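This report describes a pair of chains, starting with a helix and the strands beneath it, then moving to the sheets, the interface, the cores and the helix packing. The sequence and structure come first.

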2 protein chains.
Amino acid sequence: MQAELITIGDEILIGQIVDSNSAWMATELNKIGVKVKQITSVSDDEAHILTAFKDAESRADLIITTGGLGPTKDDITKKTLAKYFQSKEMLLHQPTLEIVKTIFAKYNAPLLDVNIQQAMVPDNCEVLLNEQGTAPGLLFKKDQKIFISLPGVPYEMMNLISAKVIPLIKEQFNLPPVYHQTILTAGVGESFLAEKIKDIEAALPAYIKLAFLPKLGSVRLRLSTDQPATAAIKAEVDYLIEQIIERIPNFWIAKEDIPIEKAILNLMGQHQLTLSVAESCTGGTISQMITQHAGSSAVFAGGGIVYSYELKSKLLGVNPDTLAKFGAVSEETIIEMVNGALKNFATDYAIAVSGIAGPDGGTPDKPVGTVWIAVANKDKVIAKKFVFGNKRTQNIERSAMAALNLLFRLLKEFHS
Amino acid sequence: MQAELITIGDEILIGQIVDSNSAWMATELNKIGVKVKQITSVSDDEAHILTAFKDAESRADLIITTGGLGPTKDDITKKTLAKYFQSKEMLLHQPTLEIVKTIFAKYNAPLLDVNIQQAMVPDNCEVLLNEQGTAPGLLFKKDQKIFISLPGVPYEMMNLISAKVIPLIKEQFNLPPVYHQTILTAGVGESFLAEKIKDIEAALPAYIKLAFLPKLGSVRLRLSTDQPATAAIKAEVDYLIEQIIERIPNFWIAKEDIPIEKAILNLMGQHQLTLSVAESCTGGTISQMITQHAGSSAVFAGGGIVYSYELKSKLLGVNPDTLAKFGAVSEETIIEMVNGALKNFATDYAIAVSGIAGPDGGTPDKPVGTVWIAVANKDKVIAKKFVFGNKRTQNIERSAMAALNLLFRLLKEFHS
């Protein structure tokens, strides 16, 4: 069972918006055992869209398109679908018209003819009622293949996928049960991990695949199988997961597909521990990563963004003499920062980061990319110096990842 | 001059990562007058990649691929390119090997055979030296067409595009001169802006196009022309820009394509003003947005991430009675927060945000999405309540945008 996703609209091709819809749809389809073979972004151009439809039809059983269903002139998906499926006429879809009317009434906006057109649909499609917007989902069948056209507005698309499309696919296609497991690692590179487990990888049966998925500072290892997920296969994958983590005791973070800060929140939540931060060069990035997760307030108290010397002293009690003598980016300062956070913010654990993100501020003995990171609880402080590169954004992200990784290691030492 | 982008790797097709590389590349290519015709994401599968190459070659003059250049077995882009271009052998590229060695020496990691393989390149390609990673960029020519293969790691790709690919395209292809100007607006929607300038839009000459580019909480208006950018055309575009901003005095932020926080940093920097933050529900997002910009430390002192009641009182001096009586999400608290930030962090301006990002924490009179925002200087405090939706991430982003917009308005009042 293979699917293809086609996004229609110039806005992706000119780089105005990032196609996050496709990643979301791919994730949802994968969960039910539908493999996405290709994702294609095409322009608002009839010939181009028709070619994309034809190519996708030749490869996949299910084709989902998003976008191009708006009321303006450049939205031509509906017309193009009607042409591709040789529809005879456009019919008014009354339930959609009711929704259009309700939406315009709610915003007190005049209902124009172009808005009423939103409720017209090709005569040979099935309508997937969109309760949150004016463009309905459309479903066409051709031989054994299914085409579904959805609006590009993320929440409308998501709602239609979850409420209508997924149940419908499950009903229409005989889907294989799928199984995959992910290990999150941090602090080492892809090739190091590959070397550590090369015999395990070499001995994998043909039906189990291993993928290395690197991101700045972390690598996820994913084992997956395209076979029906029998109990035996699940047991085999799970056993391999255990074999792999045994090889990398100091580098694996979680046996699930979650980011490192979520693994930290989970572990700290289980042990009812609290966390604060003292961020200088990361400037809020660590806090932002943590607080994006619902429920983070159970663990995370907050902290200080201490960009200036003054705030380092005022919020964390860093001795001005220490700053004057050793500088803000030094072992002495970072230890005072992390201890100050523990004490002033009254948490069980704290993270402190101070570095030179760049592009300015480097010196011969402390070049751009020099970062001191400390993590601590009441019994132990770990302070470590890193020297990253010369790109600001990357230095900030790497510092955040390294700090979270150090914290995770310290947590494991005390709460394994 | 048309280009196509091909991203190679299962991680996009399974939804594990969002393809933000393509949007970035499309933006950069657009700037120099190269139109992206299609973006295609394919799996780590030789036959599939070869088909994608062939299809793209039939439509475009320039094909840029990213991904699949790592050291592990699932990375097959280099091998597949060698096959497509009928390379005879793989040669060691000494400058790349030096970089590989330097990187491994820097991180004190053992240099493995797979790492050395990174420096092997097809005999019939030109190498685009990647100074930041182990996978070099590869360039192949076929008739008048150019194929470029880049690593998928964003900063490596970005650096290669900016430093090598763009100059090379400009040199090899006869590109039309392009001219466009952008206005950043915040606080109002696309249709409101369209209404305000509808006569200007209707009167635009055929060779000048207006695009509305909305993002959460802000809309950019972009005027562009596909004509040779003569002095007369530039003057005409610039005049239209002035006409448009006259219509939206309270909503335009900048006459350049920069984010709102950068416009704030520029304005505050000019007037030597300082800023601090007191972030509750935005949890570091505002600080992170500001500090991603080089030189932000000249304006930004830092602030408090005050997730807990305790830190609201401790760092900002919010009266515990105020919190007990009115709650953390109230006008009374937000005013104490912003004044506390001004005073304790000793800055000219401060931002404070406190709200219920969700999904939990809502009450009948303060549902999820309720956010109080205040901005202040020593002479004035503006506090405003917003009610956003029920999505955590969106509520955080909208709160950050609304806070920055309020700050910009206050700044304009005092330093226009």
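## A helix across four strands

In this predicted model, helix α3 of chain B, residues 46–59, lies across four strands of chain B: β1 (2–8), β2 (35–42), β3 (62–66) and β8 (145–150). The helix runs at about 170° to β2(B).

## The sheet shared by both chains

The four strands under α3(B) belong to an open sheet of 12 strands with mixed pairing. Its order is β6(A)-β7(A)-β8(A)-β3(A)-β1(A)-β2(A)-β2(B)-β1(B)-β3(B)-β8(B)-β7(B)-β6(B). The edges are β6 (126–128) of chain A and β6 (126–128) of chain B, each of which pairs on one side only. On average, neighbouring strands in this sheet are turned by 20° against each other, direction ignored.

Within the chain A part, β3 (residues 62–66) and β8 (residues 145–150) run parallel and are joined by five bridges. One residue pair in this ladder is Thr65(A), whose bridge partner in β8(A) is Ser149(A).

## The interface

Contact between the chains involves 63 residues of chain A and 64 residues of chain B. On the chain A side, the residues in question comprise 29 nonpolar, 26 polar and eight charged.

Strand β14 also pairs across the chains: residues 300–306 of chain A and residues 300–306 of chain B are antiparallel, over five bridges. Here Gly302(A) has Val306(B) in β14(B) as its bridge partner.

## Chain A as a whole

Chain A contains 16 helices and 17 strands. Its C-alpha atoms fill a box of roughly 80 × 60 × 40 Å along the principal axes. Of its 416 residues, 48% are buried. Among contacts in chain A with a separation of 6 or more, 66% are between residues 24 or more positions apart.

## Nonpolar cores

The largest nonpolar core has 143 residues, and Ala350(A) and Ala350(B) have the most contacts inside it. What does Ala350(B) touch, leaving aside neighbours within four places in sequence? Its contacts are Leu275(B), Ser276(B), Val277(B), Ala278(B), Val338(B), Ala341(B), Leu342(B), Phe345(B) and Ala376(B). Another core, of 39 residues, lies apart from the largest one; Val36(B), Val42(B), Ala56(B) and Leu62(B) are among its members.

## The four-stranded sheet and Ile260

Chain A also has an open sheet of four strands in the order β10-β11-β9-β12, with antiparallel pairing. Its edge strands are β10 (208–215) and β12 (252–254), and each pairs on one side only. Neighbouring strands are turned by 30° against each other on average, direction ignored. Strand β9 (residues 179–186) is joined to β12(A) by two bridges, in antiparallel sense. In that pairing, Leu184(A) has Ala254(A) of β12(A) as its bridge partner.

Leu184(A) is also one of the residues touched by Ile260(A), which is placed in helix α11 (residues 260–270) of chain A. Not counting residues up to four places away in sequence, Ile260(A) further touches Ala186(A), Ser218(A), Ile253(A), Met401(A), Leu404(A), Asn405(A) and Phe408(A). Is Ile260(A) buried or exposed? Ile260(A) has 24 other C-beta atoms within 10 Å, and therefore counts as buried, the cut-off being 20 or more. Ser330(A), by contrast, is not on its contact list: Ile260(A) and Ser330(A) are 70 residues apart in sequence and 26 Å apart in space, C-alpha to C-alpha.

## Packing of α13 and α15

In chain A, helix α13 (residues 309–316) packs against helix α15 (residues 331–344) at an angle of about 40°, with the axes 9 Å apart. At that angle, α13(A) is oblique to α15(A), because it falls neither under 35 degrees nor within 65 to 115 nor over 145. From α13(A), Lys312(A), Leu315(A) and Leu316(A) meet Glu336(A), Met337(A), Gly340(A), Ala341(A) and Asn344(A) in α15(A). By class, this contact has four nonpolar, two polar and two charged residues.

In chain B, the axes of α13 (residues 309–316) and α15 (residues 331–344) come within 9 Å and cross at roughly 40°, so α13(B) and α15(B) are oblique to each other. Lys312(B), Leu315(B) and Leu316(B) of α13(B) make the contact with Glu336(B), Met337(B), Gly340(B), Ala341(B) and Asn344(B) of α15(B). These residues divide into four nonpolar, two polar and two charged.

Technical notes
Residues are numbered from 1 along each chain as its sequence is written. Chains are lettered from A and ligands numbered from 1 in the order in which they are written. This is a predicted model: local features need pLDDT of at least 70, side-chain atom pairs count only at pLDDT 80 or more; totals for chains, interfaces and linings use all residues. Two residues are in contact if their C-beta atoms, placed from the backbone, lie within 7 Å. Ala, Val, Leu, Ile, Met, Phe, Trp, Tyr, Cys and Pro count as nonpolar, Asp, Glu, Lys and Arg as charged, and the others, Gly among them, as polar. Two strands pair if DSSP finds at least two bridges between them. Axes are lines fitted to C-alpha atoms, for helices over the stretch in contact, and angles run from 0 to 180 degrees between N-to-C directions. A nonpolar core is a set of buried Ala, Val, Leu, Ile, Met, Phe, Trp, Tyr and Cys residues joined through C-beta atoms within 7 Å. A residue is buried if 20 or more other C-beta atoms lie within 10 Å of its own, exposed if 12 or fewer, and partly exposed in between; C-beta atoms are placed from the backbone.
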